[in-house]
Amino acid sequence: MLLYVYDLKIKGLKAYNTLKRRFYYNLAKSKLSGAPFRTKSVLVVSDELEVFADNFFKQYSGFIEVYKARTTSIIQIN
């Protein structure tokens, strides 16, 4: 499993809202929408979708900060 942690970075309220709307719309329409765990800034993806996820986040290069971690297990506490 891969854990992606991301944050949208752009100056200006109107530009930020436009970027946010496009980003989440495209995320919902992509293969990543079926991720087992997804919040507004964290996405867990299977290893098979790594290349797709990397390419998805590269579309927003310069406007997003993304970190990727490879995990062996993820346990929900609550």
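Which residue's side chain does a polar contact join to that of D7? In the predicted model described here, the side chains of D7 and K9 are joined by a polar contact of 3.2 Å. The setting of this pair is best introduced through the overall fold, after which D7 and a second residue, S30, are considered in turn.

The chain contains two helices and four strands. Their order along the sequence follows the pattern β-α-β-β-α-β. For a chain of 78 residues, a compact globule would be expected to have a radius of gyration near 12 Å, and the value of 13 Å computed for the chain agrees with this expectation. Along the principal axes, the C-alpha atoms occupy a box of roughly 40 × 30 × 20 Å. Contacts between residues at least 6 apart in sequence were also examined; 67% of these join residues at least 24 apart.

With regard to the surface, 26% of the 78 residues count as buried. The accessible surface of the chain amounts to about 5,700 Å², and carbon and sulfur atoms contribute 56% of that area. The chain carries 13 positive and 6 negative charges, and the mean positions of the two sets are separated by 13 Å.

D7 belongs to strand β1, which spans residues 2-8. The relative accessible area of D7 is 39%; because this value falls between the limits of 20% for buried and 50% for exposed residues, D7 is classed as partly exposed. When neighbours within four places in sequence are set aside, the residues in contact with D7 are F63, I64 and E65. A further position was compared by C-alpha distance: F23, 16 residues from D7 in sequence, is 11 Å from D7 in space.

S30 is located outside the strands and helices, in the loop between α1 (13-29) and β2 (37-38). Its relative accessible area is 13%, and S30 is therefore buried, the cut-off being under 20%. The side chain of S30 takes part in polar contacts with the backbone on either side of its position in sequence. A polar atom of this side chain lies 2.9 Å from the backbone oxygen of L27, while the backbone nitrogen of L32 is reached by the S30 side chain at 3.2 Å.

Taken together, the two residues represent contrasting settings: D7 is partly exposed and placed in a strand, whereas S30 is buried and placed in a loop.

Note on methods:
Residues are numbered from 1 along each chain as its sequence is written. This is a predicted model: local features need pLDDT of at least 70, side-chain atom pairs count only at pLDDT 80 or more; totals for chains, interfaces and linings use all residues. Side-chain values use heavy atoms; hydrogens and water are left out. The radius of gyration is taken over C-alpha atoms; the globule rule is 2.2 Å times the number of residues to the power 0.38. Buried means under 20% relative accessible area, exposed over 50%, partly exposed in between (1.4 Å probe, protein chains only). Contact means heavy atoms within 4.5 Å. Accessible areas come from the Shrake-Rupley method with a 1.4 Å probe; for residues, only the protein chains shown count as cover. Lys and Arg count as positive and Asp and Glu as negative; His and the chain ends are not counted. The place of a charge is taken as NZ of Lys, CZ of Arg, CG of Asp or CD of Glu. A polar contact is a pair of N or O atoms within 3.5 Å; within protein, one must be able to donate a hydrogen and the other to accept it, and residues adjacent in sequence count only if both atoms are side-chain atoms.
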